[in-house]
Every structure is written in structure tokens, then in C-alpha cells.
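Morning, everyone. Have the structure open on your screens, please, and follow along as I go.

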Amino acid sequence: MTIAVSGSIATDHLMTFPGKFSELLLADQLEHVSLSFLVDDLVVRRGGVGGNIAYAIGQLGGSPLLIGAVGPDFADYQAWLEASNVDCSGVRVSTKAQTARFVCTTDEAMAQIASFYPGAMSEAREISIAALDPAPDLVLIGANDPAAMVGHTEECRALGIPFAADPSQQLARLDGEDAAKLIDGAEYLFTNEYEWGLLRQKTGLSEDQIAEKVGIRVTTLGSKGVEIIDSDGALIRVGVVPETSKVDPTGVGDGFRAGFLTGHTGGLSIERSAQLGSLVAVLVLETVGTQEWSLDRDDALKRLADAYGTEAADEIAQAL
């Protein structure tokens with residue numbers, strides 16, 4: 001099965017602040033906030049929602065098709081992805097703008113303040129799903145140029161291609177009408193807990209109304225794991241894989257999505273797919289940089305067995 005990943009492709013500039021943002025933000029002065037944080041370090045890594053998810057699927061043995069727009073500075077990043085079994089033939093190279101930049105500072109409580117420069121990402125709207133040959137079996141539509149997100153969603157509906165809606169960071173920018181368009185008819189809907197509330201607020205839709213529009217709703221809950229509502233309305237909860245260290249939360253959700261979709265499209269149950277997603281998420285959490293981790297199959301299966309039992313590990317092993 002070919003999973004296409006439509007999403008941002010960026011370089012991440014990651015910094016660490018040795019304090020807590022919450023101690024420096026004054027509730028009665030937020031309208032006049034003017035702060036500069038002296039950070040401990042700066043690490044520049046490959047990233048972007050599309051790049052992260054495609055890389056992770058490749059690490060799990062898949063051959064994802066990446067869809068997005070980049071600048072002429074993409075050559076090294078492309079070689080990196082292709083070495084991880086990612087097909088970059090769906091990537092558009094701009095002659096006018098550089099690859100997008102994500103600049104993020106994380107404090108000691110794992111809170112984050114970030115900015116995103118879209119650059120060439122704005123040209124993702126020029127990429128047509130219909131032009132992909134062969135057509136993918138599933139398209140994950142993640143945070144990207146908003147017009148591209150809406151356009152790719154509409155193309156999938158028109159072409160009858162199953163799609164996963166993952167609006168994530170772009171929910172803050174989308175209006176309610178566009179947000180509703182992105183989820184209508186989705187095979188999967190991915191959000192974190194905050195985004196789930198924001199989605200309902202922006203669209204004005206209730207939980208039941210959204211359930212009528214999507215197949216499987218997946219809501220990640222941070223350290224509390226994940227909550228999944230299947231197409232029959234059944235609730236499934238899965239806890240996290242315990243971390244050995246908590247290094248950087250950037251890209252953890254992308255890792256979960258890659259693991260979940262790899263498992264579920266590979267024949268695993270929803271529960272087992274979520275467990276595989278949780279494993280990938282913790283591997284990302286334990287690493288600086290969203291694509292600096294790799295999968296050691298034996299170690300992965302041991303950690304799955306420790307977290308969920310040997311039966312779970314044995315079943316998930318079939319998808320790895």
C-alpha cells in the first residue's frame with residue numbers, strides 16, 4: 001500500500017531555554033509582551049510535518065510518497081529522505097523561495113514557543129493529487145499551505161482516494177468553514193487534545209456531528225496516551241511507552257501518526273496500531289531532532305512487550 005504524505009517540508013531550528021516561560025509571562029501584560037530568551041544551544045535539523053511523517057514511515061519499512069514544495073536548497077534533505085526509502089517524486093522545487101523554516105524554543109517544562117516561515121511551502125497548492133501516477137492508496141493531509149490542504153482534500157474526495165485529515169498547527173489559521181472542509185469524509189482524523197477542542201470551536205460542530213463526517217477519530221493526549229473512537233463509536237484508550245529520557249517533544253505527534261497508519265494499513269487492529277504509534281512517538285521524544293532516530297527492531301519489540309505485553313509485541317512484529 002502506498003501512503004502519500006502531503007505536508008510541510010522544513011528545516012527546524014531548535015533551541016532550549018533553561019527556565020519556564022510561565023514564570024515570565026505576566027497575565028495582565030500579555031497585550032504588551034516583549035521578551036527575548038537567552039537560550040543554551042541551537043540545533044538545526046530536518047523537519048516539517050510532511051518530512052517527519054514520511055521519514056518515520058520509511059524507518060518502519062514503508063515506501064511513502066512525499067508531497068510538498070521546497071526551495072533549491074533541498075538537495076541534501078532529499079538525499080537524506082531517499083536513503084530512508086521516501087519517494088520524493090511528488091515534491092515541487094521552487095525557483096523563487098527557500099525551503100520553509102521552523103524556529104522553536106523549548107523550556108524546561110517542555111512548553112514551546114515557535115514561529116514558522118512558509119517560504120516555498122506556499123507553492124504546494126500547485127501540486128495536483130490527480131497528477132500522481134500511480135495514484136496513492138491513502139493520502140495523509142497534514143499541516144501545509146492552507147490552500148494546498150483544502151485543494152488536496154477536495155481532490156481526494158473527487159477521486160475517491162481515502163484520506164487522513166491532520167490539520168494540526170494550521171487550525172489556528174484556518175476559519176471554521178475551511179476546517180470543516182478538511183475533515184468531511186476523512187477515513188482518519190488526527191488531532192491532539194487542544195486541537196480537538198479548537199476544531200469543535202472553530203467549526204461549531206459537536207462531537208457527534210464530527211463523528212458523522214469521519215471514520216476513525218484519533219486524539220493524542222500527551223503523557224496520558226491516546227483516545228480513539230472507531231467508526232462504530234467504540235472507545236479505545238492506549239497508554240504511552242515509558243520513556244528512558246525526555247529530550248524534545250518536537251515531532252512526537254508526527255511519529256505517532258506514522259506508526260499508527262503504518263500499523264493500521266498493514267492489517268493491525270486499532271489498538272495495536274496505536275501501540276506502534278506510541279513506540280515511534282517515544283523514540284522521537286528521546287532524540288534531539290525529529291528525524292535523528294532510527295528503529296532497532298529487537299529493542300522496539302522488547303519495549304513494546306514491556307509496555308503492552310508479549311502478545312501485543314508479537315502481533316505488531318508482523319507489521320515491522
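I'll go through the sheets, then one helix, then the cores, and finish with a single residue. Keep in mind that this is a predicted model.

Let's start with the nine-stranded sheet. It is an open sheet of 9 strands with mixed pairing. Read across it and the order is β5-β4-β1-β8-β9-β10-β11-β12-β13. Which strands stand at the edges? They are β5 and β13, the latter covering residues 235–238. Each has a single partner strand, so one side of each has no neighbour in the sheet. On average, neighbouring strands here are turned by 15° against each other, ignoring direction.

Now zoom in on strand β4, residues 65–70. How many of its residues are buried? The count is 6 of 6, so I'd call β4 mostly covered, given that buried means under 20% relative accessible area. Look at which way they point. Leu65, Ile67 and Ala69 go one way from β4, while Leu66, Gly68 and Val70 go the other way. Both sets are buried.

β4 pairs with two strands that I want to show you. Strand β1, residues 3–6, runs parallel to β4, and 3 bridges join them. Find Val5: its bridge partner in β4 is Leu66. Then there is strand β5, residues 87–93, which pairs with β4 over 5 bridges, again in the parallel sense. There, Val70 stands opposite Val93 of β5. How does the chain get from β4 to β5? It passes through helix α2, residues 75–83, and this β-α-β crossover is right-handed.

Step across to β8. β1 and β8 run parallel, joined by 4 bridges. Ser6 stands opposite Ile141 in β8. Helix α3 packs on this sheet and touches β1, β4, β8 and β9. The direction of α3 makes about 160° with that of β8.

So, on to α3 itself. It spans residues 146–159, which is 14 residues. From first C-alpha to last it reaches 20 Å, close to the 20 Å expected at 1.5 Å a residue. Its buried residues are Pro146, Ala148, Met149, Val150, His152, Thr153, Glu155 and Cys156. Remember your helix geometry: an α-helix has 3.6 residues a turn, so residues three or four places apart point the same way. What covers the buried residues of α3? The cover includes β1, β4, β8 (138–142), β9 (163–166) and α4 (176–183). Just after α3 comes Gly160, with a positive phi of about 75°.

Pick out one residue of that helix, His152. Is it buried or exposed? His152 has 1% relative accessibility, so it counts as buried. Setting aside neighbours within four places in sequence, His152 is in contact with Ser6, Ile67, Ala124, Ile127, Ile129 and Ile141. You have met Ser6 and Ile141 already, as the pair standing opposite each other between β1 and β8.

Next, the nonpolar cores. In soluble globular proteins, nonpolar side chains tend to be buried together. The largest core here has 55 residues, and Phe190, Ile228 and Phe260 have the most contacts inside it. Helix α8, residues 270–285, gives the largest share, 9 residues. Apart from that core lies another, of 27 residues, including Ile141, Phe163, Leu182 and Leu198. Go back to Phe260 for a moment. Beyond four places in sequence, Phe260 touches Tyr188, Phe190, Val218, Ile228, Ile270, Ser273, Ala274 and Gly277.

There is also a 4-stranded sheet. It is open too, in the order β3-β2-β6-β7, with mixed pairing. β3 (42–47) and β7 (112–117) are at the edges, each with a single partner strand, so one side of each is left without a neighbour in the sheet. The twist averages 20° from one strand to the next. Strand β2, residues 10–16, pairs with β3 in the antiparallel sense over 6 bridges. Thr11 has Arg46 as its bridge partner in β3.

Last stop: Gln112, in strand β7. At 36% relative accessibility, Gln112 counts as partly exposed. What does it touch? Leaving out residues up to four places away in sequence, Gln112 touches Phe21, Cys104, Thr105, Thr106, Asp248, Pro249 and Thr250. Gln112 and Lys20 are 92 residues apart in sequence, but 9.8 Å apart in space, C-alpha to C-alpha.

That's my tour. Thanks for listening.

Terms used. Residues are numbered from 1 along each chain as its sequence is written. This is a predicted model: local features need pLDDT of at least 70, side-chain atom pairs count only at pLDDT 80 or more; totals for chains, interfaces and linings use all residues. Side-chain values use heavy atoms; hydrogens and water are left out. A nonpolar core is a set of buried Ala, Val, Leu, Ile, Met, Phe, Trp, Tyr and Cys residues joined through side-chain atoms within 4.5 Å. Buried means under 20% relative accessible area, exposed over 50%, partly exposed in between (1.4 Å probe, protein chains only). Contact means heavy atoms within 4.5 Å. Two strands pair if DSSP finds at least two bridges between them. A crossover is right-handed if, with the strands pointing away from the viewer, the path from the first strand over the helix to the second runs clockwise. Axes are lines fitted to C-alpha atoms, for helices over the stretch in contact, and angles run from 0 to 180 degrees between N-to-C directions. The expected span of a helix is 1.5 Å times one less than its number of residues.
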